Amino acid sequence: MIELFSEIWQTARRNKLRTSLTGFAVAWGIFMLIVLLGAGNGLINAQMENNDRYVDNSMMVFGGMTSKAFDGLKEGRNIQLDNNDLAVTQARFTQNIDKAGAIIYENAVTITVGENYVSSSLRGVYPMDQEINKKKLVAGRFINDIDICDQRKVLIISENQARELMPKDPRLLLGQTIRVGDLAFKVVGIEQEDKSRMSTDATVPFTTLQTIYNRGNRVGRINFTFHGLNTEKENEAFETRYRATINRQHRAAPDDEDAIWIWNRFTQALQMQKGMNIIQVALWIIGLFTLLSGIVGVSNIMLITVRERTREFGIRKAIGASPASILRIIITESIIVTGFFGYLGMLMGIGANMYMDATLGSKPIETGLFTTTVFVNPTVGLGTCLGVTLVLILAGTIAGLMPALKASRIRPIEALRAE
Amino acid sequence: MIELRGIHKTYSGAQPLHVLKGIDLDIAEGELVSIMGASGSGKSTLLNILGILDDYDEGDYRLAGTLIKDLSETRAAQYRNRMIGFIFQSFNLIGFKTAVENVELPLFYHGVGRRRRHQMAMDELEKMGLTDWAEHYPNELSGGQRQRVATARALVTRPKIILADEPTGALDSKTGVEVMELLKKLNREEHITMIIVTHDPNVAAQTNRVIRIKDGVIE
Ligand SMILES: Nc1ncnc2c1ncn2[C@@H]1O[C@H](COP(=O)(O)OP(=O)(O)O)[C@@H](O)[C@H]1O
Ligand SMILES: [Mg+2]
């Protein structure tokens, strides 16, 4: 083995320029591969972080407009979800549905504390909303069952609203009674500010809002968490069943897809995952093609080397070198050149990823409406590095194969005659 | 040691060239033989066949009792490595290796370990009087020195036969004589069978037997 390496060292040293030129091609290929994969990972990680904001296995249901005539009624009818729908959701799907709740909005109310006021919208929710939307509180508590039951006038205010209403010490709002429109509400909690979204909502019990604002039994949207639906197919089957049930409540065709809208976060996450996988595969392919040009370069140069060294290989064979030993020299040389420069490229790629991480990574970008992060941790893992190393060895072997075969087939008499 | 029976060799090409037309030849162990003939008469062709560098079309070639016919490249390389040492007119040393590294090379393919290889190569160079030149590259050596390095390389594996294709052809007459003296001494003292192709009558005169090739057969 040592012999083999010193042989290769001798020949590589003899051809510094050539070796470094081919090396550059390979290094560039690997550099691109790593940078692309790192950037891809950055995008994917950012997306995952966005997904983390709510529970995956949940659905949201909205009223829509019928698109089919049914039961003597024409199409084009608006469907308004109501308390019955929520009750049906809670009662008939216990096999899959864990907790169901509803949301209702009242836009544009003014919240006043002393001389300070903010305009806000009110969200009437059930206690399970905290879990489903991963709400965190900095102080106090969320809506509870008693609030719902007694239609209490309690309110959870968002952190930034609290700051505007009581700039000196927002937390002092907790427990205070404040004015919401013409009514008095007691602040029971302060909601943590979302990193990326400005919250202009204040949260109240669903039943309170429904009663105070005269909504009758109307509901804005229904949401619920579920279990036991693990594939896209199972989800679809459930949605079909659920849709039929709710549609029937409103005398709409059971298979009318527009009467109600179902937003399934689980299947959406599944599809997102699929998309991410496609991106990753695409990046690998692009990277590998870049690398391929490096391989072709190495292969070409090795072919030239073999031609230059024809006589030497002839001599080696005349004094007893087997074709296999010649093959070994060339392929090992190819692997070492590819591997060495590839590794260099990989280190530079990792460096570039670190730079990307330091400049773009986790830096929120202001879009006006909300802030978002494009890149989160745009780096490649150890697994990828091992994969790339494997690719390098493979690439070196492939690059060396043709020239090596050529060299091993050199006939000593012909090589020695060529003077 | 060497037994040739009805060897034919034709070079195919646009004009097929029938170079050897039935060569019968026996060379005993320890002989010092020269092969002579006009340029293009097929001396090198014959020597290449003897050295298993080239194959022949018809006949039988036995080397130390083994039939040498249709060998795989790997087997041919093995036999060359074990039994045959080559000395070429143009030395054929590897330019980027030092004298001692060149001499070590056949031992490397023989599977001899690093240290022992170096020791054996140095011993061989010492016999050639080249100890001081061991670490020099071929282009730093004179023609005579190079041919002596090549001879050391041919001898280092203790082959049964040495095949030399015009070993003095590229040397001035004085150095040529020195190299011939060396080969004769090796034949005498180490009892190595030696076949020397030459067109120099002075060289041929120093051998035990002269084989003349003409029109593809032995005269
Ligand atoms: N590989 C080859 N292909 C075709 N013709 C060849 C080849 N090698 C040698 N010859 C021809 O065969 C003849 C004998 O060559 P060679 O054995 O080298 O002669 P010598 O060594 O006696 O001068 C020459 O005419 C030469 O041109
Ligand atoms: Mg000749």
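The points below concern a predicted model and take up a sheet in chain B, the nonpolar cores, and one loop residue of chain A.

1. Chain B contains an open sheet of 4 strands, in the order 2-1-4-5 and with antiparallel pairing. Strand 2 (17–27) and strand 5 (66–67) of chain B are the edge strands, and because each has a single partner strand, one side of each is left without a neighbour in the sheet.

2. At one of these edges, strand 4 (residues 58–63) of chain B pairs with strand 5 of chain B in the antiparallel sense over 2 bridges, and here B:Arg62 stands opposite B:Leu67. Helix 1 (residues 43–50) of chain B packs on the sheet, where it touches strand 1 (2–11), strand 2 and strand 4 of chain B, and its direction makes about 125° with that of strand 1 of chain B.

3. The largest nonpolar core has 73 residues, and those with the most contacts inside it are B:Ile2, B:Leu4, B:Leu50, B:Tyr61 and B:Leu63; helix 12 (residues 382–408) of chain A nevertheless gives the most to this core, with 8 residues. Beyond four places in sequence, the residues that B:Tyr61 touches include B:Ile2, B:Leu4, B:Leu50 and B:Leu67.

4. Another core, of 56 residues, lies apart from the largest one, and A:Met59, A:Leu173, A:Phe185 and A:Ala202 are among its members.

5. A:Leu229 lies in the loop between strand 9 (221–226) and helix 8 (232–249) of chain A, and counts as buried because its relative accessible area is 6%, against a limit of under 20%. Leaving aside neighbours within four places in sequence, its contacts include A:Met59, A:Asn96, A:Phe238 and A:Phe266, while A:Thr267, 38 residues apart from A:Leu229 in sequence, is 9.8 Å apart in space, C-alpha to C-alpha.

Note on methods. Residues numbered from 1 in each chain as written. Chains lettered and ligands numbered in written order. Predicted model: local features only at pLDDT ≥ 70, side-chain atom pairs only at ≥ 80, totals over all residues. Heavy atoms only, no water. Pairing = 2+ DSSP bridges. Contact = heavy atoms within 4.5 Å. Axes fitted to C-alpha atoms, helices over the stretch in contact; angles between N-to-C directions. Buried < 20%, exposed > 50% of the residue type's maximum accessible area, 1.4 Å probe, protein only. Core = buried A, V, L, I, M, F, W, Y, C linked by side-chain atoms within 4.5 Å.
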